[in-house]
Amino acid sequence: MTAATAIPTRKPPAHRLAAPYLLIAPSFLLAAFIVFYPLYALINTSMRSVNRFGMIQGLNDFANYTAVFADPQFQAAAWRSLVWTGAIIVGTIIISMGVALLLNRKFHGRALARVIVILPWSVSLSLLTVVWRWALNAESGLLNHLLMQLHIIDAPVVWLGNGQIAFTVQIVIGILVSIPFTSSLLLGGLSSLPSDIYEAAEMEGATPWQQFCTITLPLMRPFLNIAVVLNMINVFNSFPIIWILTEGGPANSTDILVTYLYKIAFKYGKLGEASVVSLLMIVFLLICSVIYLRLISKEQSNA
């Protein structure tokens with residue numbers, strides 16, 4: 001059959017082209033409503049006066065924003081949130097990579113070791129924090145008792161009575177509770193790497209450290225990126241650890257934005273200012289995620 005006598009292709013009817021979009025439209029509209037209506041309500045509340053009973057009144061000319069930015073406690077909590085998030089992410093990634101590399105090796109009892117590592121992830125974070133609070137008790141806590149038995153300390157340490165010590169302890173706990181999920185994520189990535197590349201590198205005389213730097217890290221970059229983004233969202237919004245251990249004390253010295261938000265909303269009844277803080281947290285996470293993902297895509301395009 002020649003090109004002149006070829007049968008022209010017929011376009012499908014318009015209703016067939018629109019059918020997929022019509023099928024997904026209800027779920028799309030529902031998801032958009034769930035996401036955007038609370039955001040609209042948050043923005044609306046942040047620009048209005050709200051009494052302690054939650055009654056929204058008239059516009060207040062951005063007085064809520066002015067009050068939040070002028071509050072020294074907000075500034076301190078914002079800075080502390082950055083330290084909290086960055087320290088936990090860095091510590092978690094480093095330790096979890098080591099744990100994943102160890103669990104990826106073949107040894108007797110590896111399956112049991114993997115179960116033990118992932119098991120704490122199934123326990124409620126609030127419950128784990130309560131256990132840590134008992135362990136950190138200055139008078140009858142297990143940690144002080146153990147350190148004194150080992151002759152590391154001579155007298156009980158008030159772990160949660162000093163702001164700097166308490167915040168450092170909370171960061172360490174945040175790292176420990178983040179390791180199970182991150183280790184499992186990175187272990188899945190390590191399990192998918194081809195073994196023949198390592199065999200070839202070993203035949204060329206590459207040391208384990210050289211293999212890790214030149215093979216493992218580049219191939220694990222997508223999994224590391226996912227771990228960073230997920231941990232950033234989870235850690236930045238993490239509430240139970242700080243609230244259960246110190247409630248942001250002593251003297252608000254361990255407050256981060258999420259505990260500061262809880263206090264001004266439900267303790268002081270400043271719902272308008274609380275809406276501002278919530279909005280700022282959403283914007284911050286969105287900006288950080290977009291910047292990080294753009295940097296990732298730029299690196300991949302240049303590679």
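Reader: Which residues of helix 8 meet helix 9?
Author: In this predicted model, Ile197, Tyr198, Ala201 and Glu202 are the helix 8 residues in contact, and their partners in helix 9 are Gln211, Ile215, Thr216 and Leu219. By class, that contact is made up of five nonpolar, two polar and one charged residues.

Reader: And how do the axes of the two helices cross?
Author: The axes of helix 8 (residues 195-203) and helix 9 (residues 208-236) cross at roughly 165° and come within 11 Å. Because angles over 145 degrees count as roughly antiparallel, helix 8 is roughly antiparallel to helix 9. The crossing of the two helices is right-handed.

Reader: Switching to pockets, what volume does the largest pocket have?
Author: The largest pocket has a volume of about 700 Å³, and 18 residues line that pocket, with Asn104, Arg105, Tyr198, Gln211 and Thr216 the closest to its centre.

Reader: Which helix gives the most to that lining of the largest pocket?
Author: Helix 9 does, with five residues, while helix 3 (72-104), helix 7 (163-191) and helix 8 are among the helices that each supply at least two. The lining of the largest pocket divides into eight nonpolar, five polar and five charged residues.

Reader: What about the second largest pocket, how many residues line it?
Author: The second largest pocket, with a volume of about 460 Å³, is lined by 23 residues, and Trp121, Leu125, Gly174, Val177 and Ser178 lie nearest its centre. Helix 7 gives the most to this lining, with eight residues.

Reader: How many charged residues are in that second lining?
Author: The lining of the second largest pocket has no charged residues, and its classes are 16 nonpolar and seven polar.

Notes:
Residues numbered from 1 in each chain as written. Predicted model: local features only at pLDDT ≥ 70, side-chain atom pairs only at ≥ 80, totals over all residues. Heavy atoms only, no water. Axes fitted to C-alpha atoms, helices over the stretch in contact; angles between N-to-C directions. Helix = DSSP H or I, 4+ residues; strand = E, 2+ residues; numbered from the N terminus. Parallel < 35°, antiparallel > 145°, perpendicular 65-115°, else oblique. Left-handed = near helix turned anticlockwise from the far one by under 90°. Contact = heavy atoms within 4.5 Å. Nonpolar A, V, L, I, M, F, W, Y, C, P; charged D, E, K, R; others polar. 1 Å grid on protein atoms, 1.4 Å probe; cavity = no way out; pocket = protein on both sides within 12 Å on 5 of 7 lines; lining within 4 Å. Points joined across faces, edges and corners; volume = space filled by probe spheres on them.
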